[in-house]
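Hi,

Here is the structure I promised to pass on. Have a look at it first, and my notes on what turned up follow underneath.

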Amino acid sequence: MTLYAVEHLSLEIGGARILEDVGFAVAAGGCTALVGASGSGKTMSCFAPFGLAAGRPRGSARLEGAELIGLDERALRPLRARAGFVFQQPLTALTPHLTIGAQLAESASALGGARPDRRAMAAMLDRVGLSDPEAKLDQWPHRLSGGERQRVMIACATAHGPRLLVADEPTSALDAELRHAILDVIGRLREDGLGVLLVSHDLPLVARHADRVVVMDAGRVVEDGPARAVIETPAQEVTRALIAASPRLDSPPPDLPVPGAPLIEARGIAVGFRTPGWRRGRFQAVADAGFALAEGEALAIVGRSGSGKSTLARAVARLGPCDSGAVLWRGRPLPPRARMGTAERRLIQPVFQDPAASLDPRWTVAQSIAEPLRNLIPAMDDAARAARVGAVLDEVELGERFAARRPGELSGGQAQRVAIARALAADPEAILLDEATSALDVLVAGRILALLGRLQASRRLAILAITHDLAVAHALCHRLAVMEAGRIVEIGPVPQLLASPQSAALTRLVAAQ
């Protein structure tokens with residue numbers, strides 16, 4: 001039985017045709033996946049009929065027989081409440097000043113139902129795979145890892161018992177094992193008749209969990225059919241290009257630059273956090289972790305979501321707390337975060353997980369890239385700063401025509417290139433990449449990885465890459481450090497570890513790819 005049907009959907013924004021004659025259907029208990037490159041219209045096709053996008057859509061979108069398009073906000077609101085929404089960037093979608101419990105209670109009572117008690121809300125978080133769910137109810141969104149925030153979003157979206165779940169890249173911030181676990185959770189919800197409209201760039205995941213695949217390009221549907229048939233025997237060149245660009249662990253090893261002299265050595269790093277709420281205590285996020293990184297070398301830190309990857313990397317880069325341990329830079333101790341001067345802060349620069357959220361929406365691209373220059377090289381004059389901004393924009397293959405744009409005018413791939421340009425502006429010797437391609441489609445992610453490889457070779461740049469994607473580590477990095485429960489349990493050359501994992505943590509990750 002068809003739960004949700006879209007026919008002849010079209011959308012214009014500012015005179016530009018965004019969608020044209022789009023059609024697809026979602027069955028009760030079924031999963032329809034929209035795939036395509038960034039800008040192909042996947043997200044707009046999901047959200048425009050519900051009044052969650054700019055512009056006025058035309059055509060038809062019927063949820064349980066009720067027409068959505070053409071209604072004013074007052075008439076649309078009760079129909080929209082029959083759906084749950086998982087947005088692509090959980091950090092910007094969650095309310096920063098509300099605890100997880102408060103947000104979950106708000107979502108559960110969206111249709112006027114009773115506010116759930118703590119036990120019921122903890123069960124909701126447990127259902128989506130969050131560890132220690134009752135303690136998480138008292139946490140703030142910024143205290144959770146990217147993967148944990150994504151799971152909270154899914155819990156909130158399904159808390160009020162919707163008939164349709166609209167999920168825009170719901171697993172983009174999760175490790176391979178949890179990606180399947182989350183869609184398995186959604187699969188169990190489908191047994192009760194929940195229909196799922198899924199946007200994803202993970203084609204192997206789509207092949208396993210979706211019933212139908214709709215391939216989009218330039219605002220149009222170019223291919224539609226059963227998931228396995230479309231992915232195993234694609235009929236259109238667009239589909240074939242997406243499949244070919246998907247990173248694989250069995251692809252030939254890349255030609256990486258030979259590492260140089262030792263650059264960074266981390267020894268015995270430990271980081272803990274006080275747990276909030278009525279159960280006061282301390283959570284040990286990182287314990288006795290260490291590694292070395294040389295000039296021109298790329299080291300990937302992999303592990304489950306919440307295993308301590310980002311916390312360790314931020315402690316080493318002096319961007320986050322570090323309770324104990326030492327970091328040596330070319331054999332000399334790096335000062336603690338509070339005593340870092342501009343000379344030390346220039347050494348390693350970050351590229352954060354969510355590039356759009358890390359850029360000030362009010363600033364132009366040029367202003368964002370110039371910010372580290374003003375703070376870290378205060379003697380540089382305006383003309384030199386402008387020249388440097390233009391040079392790094394060229395280096396990341398954008399050009400000065402992007403200098404006057406703001407983050408809202410950038411695609412995901414363009415925003416990521418701006419974030420990389422900002423990190424390179426002060427001429428660091430190392431960069432920290434936190435899930436640099438997790439929110440990008442496979443075509444754009446491939447281009448970003450190729451760009452990083454060229455920068456690594458031309459600048460002799462050391463890269464510390466946090467990733468949940470072993471294929472990304474295989475394509476970019478010399479060595480792999482595997483984390484589990486705050487500890488490094490395995491470290492060594494990427495090909496060697498992927499071919500013969502020694503730890504249970506890496507064995508699970510390889511099996512889930």
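Searching the whole structure, which is a predicted model, turns up 3 cavities of 30 Å³ or more. The largest cavity has a volume of about 70 Å³. As background, rolling a probe the size of a water molecule over the atoms shows where empty space is left.

What lines that largest cavity? Its lining is made up of Leu433, Glu435, Ala436, Thr437, Leu449, Leu452, Ala465, Ile466, Thr467, Val472 and Leu476. By type, that splits into 8 nonpolar residues, 2 polar and 1 charged. If you want to find the spot by eye, go to helix H18 (442-459), strand E18 (462-466) and helix H19 (470-476), since each of them supplies at least two residues of the lining.

Now to a sheet elsewhere in the numbering. Here 6 strands form an open sheet with mixed pairing, in the order E6-E7-E8-E3-E9-E10. At the edges sit strand E6 (83-86) and strand E10 (220-226), each pairing on one side only. Ignoring direction, neighbouring strands of this sheet are turned by 15° against each other on average.

Within the sheet, strands E7 (residues 164-168) and E8 (residues 195-199) run parallel and are joined by 5 bridges. Asp168 stands opposite Val199 in E8.

One helix to look at alongside the sheet is H11 (residues 237-245), which lies across strand E9 (212-217) and E10. Helix H11 runs at about 105° to E9.

Shout if you'd like to go through any of this together.

Cheers

Methods:
Residues are numbered from 1 along each chain as its sequence is written. This is a predicted model: local features need pLDDT of at least 70, side-chain atom pairs count only at pLDDT 80 or more; totals for chains, interfaces and linings use all residues. Side-chain values use heavy atoms; hydrogens and water are left out. Two strands pair if DSSP finds at least two bridges between them. Helices (H or I, at least four residues) and strands (E, at least two) are DSSP runs, numbered from the N terminus. Axes are lines fitted to C-alpha atoms, for helices over the stretch in contact, and angles run from 0 to 180 degrees between N-to-C directions. Contact means heavy atoms within 4.5 Å. On a 1 Å grid over the protein atoms alone, a cavity is a set of points where a 1.4 Å probe fits but cannot get out, and a pocket is an open set with protein on both sides within 12 Å along at least five of seven lines; lining residues have an atom within 4 Å of a point. Grid points are joined across faces, edges and corners, and a volume is the space filled by probe spheres set on the points. Ala, Val, Leu, Ile, Met, Phe, Trp, Tyr, Cys and Pro count as nonpolar, Asp, Glu, Lys and Arg as charged, and the others, Gly among them, as polar.
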